[in-house]
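Please open the model in your viewer and keep the selection panel at hand. The stops below go from the whole chain to single residues and pairs.

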Amino acid sequence: MMKRELLFISIFSLGLISAQQKVEKKEAIKGDSAQTVSVKKYHPNFTIGIDVLHLGAIPFGNQKMIQGYISTRFRDKIHLVADIGFDKNKYQKNGYDAEADGFFIKAGALYMMASDPENHDNGFYVGGKLAASLYNQTYHSVPIRWIQGQDSYTSFPKSSQSAYWIEAAIGGRIQLQGTRIFIDAQVQPKYLMYTTKQEEIVPMIIPGFGKNANKFKLGFMWSVAYQF
């Protein structure tokens, strides 16, 4: 009788151990799956920066520009970015006396060409953006050449205008050690695609793009950013 009980207890114990091992195995598989899912899950990260280059130049010239950006890492080396700003400026040259002010916005993506293996937010990047500016302009003086060769001048009231361009982004960013602060420097070659006109006059100032009637511009942005 005792032998039968011991045999029964042994078999029951082995059954319990086997069942427990199966449960532990299933839990381990679930744990691994959960870990796999958590690895694949996208964790948003955002960096907000402000352009201190133009901000610091406000007291020393006609241009009053405030601009900043927000970016997020979309893929391993791809960052989505959006810029927004306000620009006010004057153009006084060759008989023109004009001023304009308004908001501009840009949106695009950056590709980290050479990044830090331990921090993919550090490194050099290239990218592109689409940009638009909605602004007001006033012509206080516009030169008009008469048949006799004499210059005369006229003026036009304030009007609402818009402009659209594309720009490349070439730059780099580096994180200050032990902080969430970044230094970001960027060169921005620009090409004007379309602009509205007042009395068929090519705009002398486009906020966020630049001055004079040239369709090609080269902009700069030097920013301090914080990541959260």
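**A tour of the chain**

Colour the protein chain by secondary structure and follow it from the N terminus, where the elements run α-β-α-β-β-β-β-β-β-β-β-β, which comes to 2 helices and 10 strands. Please keep in mind throughout that this is a predicted model. Of the 228 residues in the protein chain, 32% are buried, and the chain exposes about 14500 Å², with carbon and sulfur atoms supplying 64% of that area. Among contacts between residues at least 6 apart in sequence, 63% join residues at least 24 apart.

Next, turn to the salt bridges, of which the structure holds 3. Select D83 and K129, whose closest N and O atoms are 2.7 Å apart in a salt bridge; D83 belongs to strand β3 (residues 78–93) and K129 to strand β5 (residues 119–145), and the two are 46 residues apart along the chain. D83 counts as buried at 1% relative accessibility, and K129 is buried as well, with a relative accessible area of 4%.

Then select E167 and K106, which form a salt bridge with the closest N and O atoms 3.2 Å apart. Because E167 lies in strand β6 and K106 in strand β4 (residues 96–116), this pair ties together parts that are 61 residues apart in sequence. E167 is buried, with a relative accessible area of 4%, and K106 counts as buried at 1%.

Move on to D184 and R173, whose side chains meet in a salt bridge at 3.4 Å, N to O; D184 sits in strand β7 and R173 in strand β6, 11 residues apart. Relative accessible areas of 2% for D184 and 5% for R173 place each of them among the buried residues.

Keep D184 displayed and add S223, a residue of strand β10 (residues 216–227), since buried S223, at 1% relative accessibility, touches D184 along with I50, D51, V52, Y69, F182 and I183, not counting residues up to four places away in sequence.

From there, select I181 in strand β7 (residues 181–195), which is partly exposed at 31% relative accessible area. With residues up to four places away in sequence left out, I181 touches I174, Q175, L176, V224, A225 and Y226. A distance label between the C-alpha atoms of I181 and T47 should read 9.1 Å, although these residues are 134 apart along the chain.

Finally, switch to a surface view and select K64, K88, K90 and K158, which form a positive surface patch. Within that group, K158 is found in strand β6 (residues 151–175) and is exposed, with a relative accessible area of 58%.

Methods. Residues numbered from 1 in each chain as written. Predicted model: local features only at pLDDT ≥ 70, side-chain atom pairs only at ≥ 80, totals over all residues. Heavy atoms only, no water. Patch = residues over 30% accessible without salt bridge, like charges linked within 9 Å, V, L, I, M, F, W, Y side chains within 5 Å. Areas by Shrake-Rupley, 256 points an atom, 1.4 Å probe, with all protein chains shown as cover. Salt bridge = Lys/Arg side-chain N within 4 Å of Asp/Glu carboxyl O. Lys, Arg positive; Asp, Glu negative; His and termini not counted. Charge placed at Lys NZ, Arg CZ, Asp CG, Glu CD. Helix = DSSP H or I, 4+ residues; strand = E, 2+ residues; numbered from the N terminus. Buried < 20%, exposed > 50% of the residue type's maximum accessible area, 1.4 Å probe, protein only. Contact = heavy atoms within 4.5 Å.
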